[in-house]
Amino acid sequence: MSNAVAQSRSLHDLSFAEMQQRLADDGLNSIHARALWRSLHGHADTLEIMPGNFLRPLQQWLERHLYADDAEFFVDVLETVSETQSSDGMTRKFLLKLRDGRTIETVLMGYDGRFTACVSTQVGCAMGCVFCATGQMGFTRHLRPGEIIAQVLHVQRVLRQHHHTRLRNLVLMGMGEPLHNYDAVMKALATIADVRGPSLSKNRITISTVGLVPAMRRMADEGCPYNLALSLHGADDAQRQALIPVGKKWAMDELIEACRHYDRTIGKRIFIEWTLIAGKNDSAEIAHQLVGLLHGINVHINLIPLNPTAGYAGSATAHQASLAFQRILRDAGYPVTFRQRRGIDVAAGCGQLKAQHAASA
Ligand code: SAH
Ligand code: SF4
């Protein structure tokens with residue numbers, strides 16, 4: 001492999017401004033930048049299958065910088081290793097291969113003709129939550145912006161081909177902790193929300209975090225336009241730390257203060273994720289504790305029945321006890337919903353995602 005190829009970069013990693021600048025450096029004006037950007041992020045399938053579709057100067061630039069053997073750039077197109085559909089046909093899970101042979105999972109869920117994609121932000125995860133399959137596999141590496149964007153482009157293609165529709169919602173709840181990969185995630189989302197590209201509404205993009213306090217404060221201070229979901233799972237330090245090792249890094253007080261800061265600064269409702277685990281965090285007493293903890297913060301609570309994973313012996317809270325837990329929160333005035341259990345039969349539910357195939361590189 002030549003040096004040039006070893007150092008080649010993804011065109012999908014570039015922001016529009018970076019792409020425009022790169023082309024301008026080679027004497028190409030912004031008409032070409034817009035055409036290339038549309039082709040990379042818009043409705044064209046992939047650049048590789050449509051050479052010849054561009055004006056001559058851009059075509060020549062691509063021949064030199066993309067199509068040549070030792071080209072400076074490549075495009076992020078993810079190869080499908082396998083695809084599984086849930087028995088109700090409403091959830092599809094894709095095992096997708098990255099350029100280094102590692103694999104990630106992306107999930108597409110449909111409810112009433114509206115589709116939500118759940119994308120990964122890392123290969124594995126460093127946070128080690130005991131009940132999560134991704135946490136159980138450990139951390140391998142961050143994804144680049146282009147690898148996050150490519151998952152959205154992948155599901156967009158599937159939706160166009162099979163459902164003649166577009167993606168509506170995006171949740172960063174696949175493999176990995178998005179705020180541990182902050183810069184790449186924010187860069188990817190800016191492209192995904194770009195009106196010249198995938199054009200997803202910022203209001204329909206949700207970042208789910210295990211609670212990295214400095215990054216949550218940064219989101220607030222930067223006026224982050226996306227929704228925030230916090231995986232809380234415990235109402236005090238001891239409960240939380242037993243499930244989430246990273247909880248030891250920031251005390252509950254700091255975490256709640258970060259939520260208040262976000263609330264004061266951004267003013268958008270925070271989604272609180274609570275995985276219900278029998279005997280761990282599902283008692284009436286804990287529900288009352290949670291009511292007190294969240295007092296005065298604008299939240300919507302999502303209860304998630306625990307999904308089974310190989311590395312954790314805990315079980316989901318029984319139905320009646322889940323309803324009792326919900327009732328206490330509702331009586332205190334909080335909006336509370338159950339996360340619909342989707343894709344459990346194909347291990348595409350929350351926390352069940354892991355790379356099942358060994359990396360080939
Ligand atoms: N790392 C981020 C986003 C990915 S996990 C985070 O932790 O928020 C997405 C959601 O799935 C989180 O709320 C997480 O707590 C939940 N989850 C993980 N494992 C689960 C399991 N086995 N059953 C149910 N929910 C789980
Ligand atoms: Fe990582 Fe989220 Fe899984 Fe925890 S729940 S290990 S933060 S992916």
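## Cysteines, a ligand site and two unusual loop residues

The count of disulfides here comes to 0. A disulfide is a covalent bond between the sulfur atoms of two cysteines. Keep in mind as you look around that this is a predicted model.

### Around ligand 2

Let us start with the ligand. Which residues surround ligand 2? They are C125, M127, G128, C129, C132, G135, G176, E177 and V210. Sorted by class, this shell has 5 nonpolar, 3 polar and 1 charged residues. The space that ligand 2 takes up is the largest cavity.

Two cysteines of the shell deserve a second look. Is C125 buried or exposed? C125 has a relative accessibility of 10%, and because buried means under 20%, C125 counts as buried. The value for C132 is 17%, which is also under 20%, so C132 is buried as well.

### A hairpin of two strands

Next, find strand β3, residues 79–85, and strand β4, residues 91–97. How do these two strands pair? They run in the antiparallel sense, and the pairing covers 6 bridges. To see one place where the strands face each other, look for T80, which stands opposite L96 in β4. The hairpin of β3 and β4 has 5 residues between the strands, and G89 takes a positive phi near 75 degrees there.

### Two loop residues with positive phi

Most residues other than glycine have a negative phi. With that in mind, which sign does phi have in S199? The value is positive, near 60 degrees, although S199 is not a glycine. H233 is likewise a residue other than glycine with a positive phi, in this case near 65 degrees.

Both residues can be found in loops. S199 lies between α7 (182–192) and β10 (205–209), while H233 lies between β11 (227–231) and α9 (237–243). Their surroundings can be described by accessibility too. S199 has a relative accessibility of 26%, so S199 counts as partly exposed, a label for values between 20% and 50%. For H233 the relative accessible area is 5%, and because this is under 20%, H233 is buried.

Finally, here is how far each of these loop residues lies from a residue 10 positions away in sequence, taken from C-alpha to C-alpha.

| Pair | Apart in sequence | Apart in space (C-alpha to C-alpha) |
|---|---|---|
| S199 and L189 | 10 residues | 10.0 Å |
| H233 and L243 | 10 residues | 7.8 Å |

Terms used. Residues numbered from 1 in each chain as written. Chains lettered and ligands numbered in written order. Predicted model: local features only at pLDDT ≥ 70, side-chain atom pairs only at ≥ 80, totals over all residues. Heavy atoms only, no water. Near = heavy atom within 4 Å. 1 Å grid on protein atoms, 1.4 Å probe; cavity = no way out; pocket = protein on both sides within 12 Å on 5 of 7 lines; lining within 4 Å. Sits in = over half its atoms within 2 Å of the grid points. Nonpolar A, V, L, I, M, F, W, Y, C, P; charged D, E, K, R; others polar. Disulfide = S-S within 2.5 Å. Buried < 20%, exposed > 50% of the residue type's maximum accessible area, 1.4 Å probe, protein only. Pairing = 2+ DSSP bridges. Helix = DSSP H or I, 4+ residues; strand = E, 2+ residues; numbered from the N terminus.
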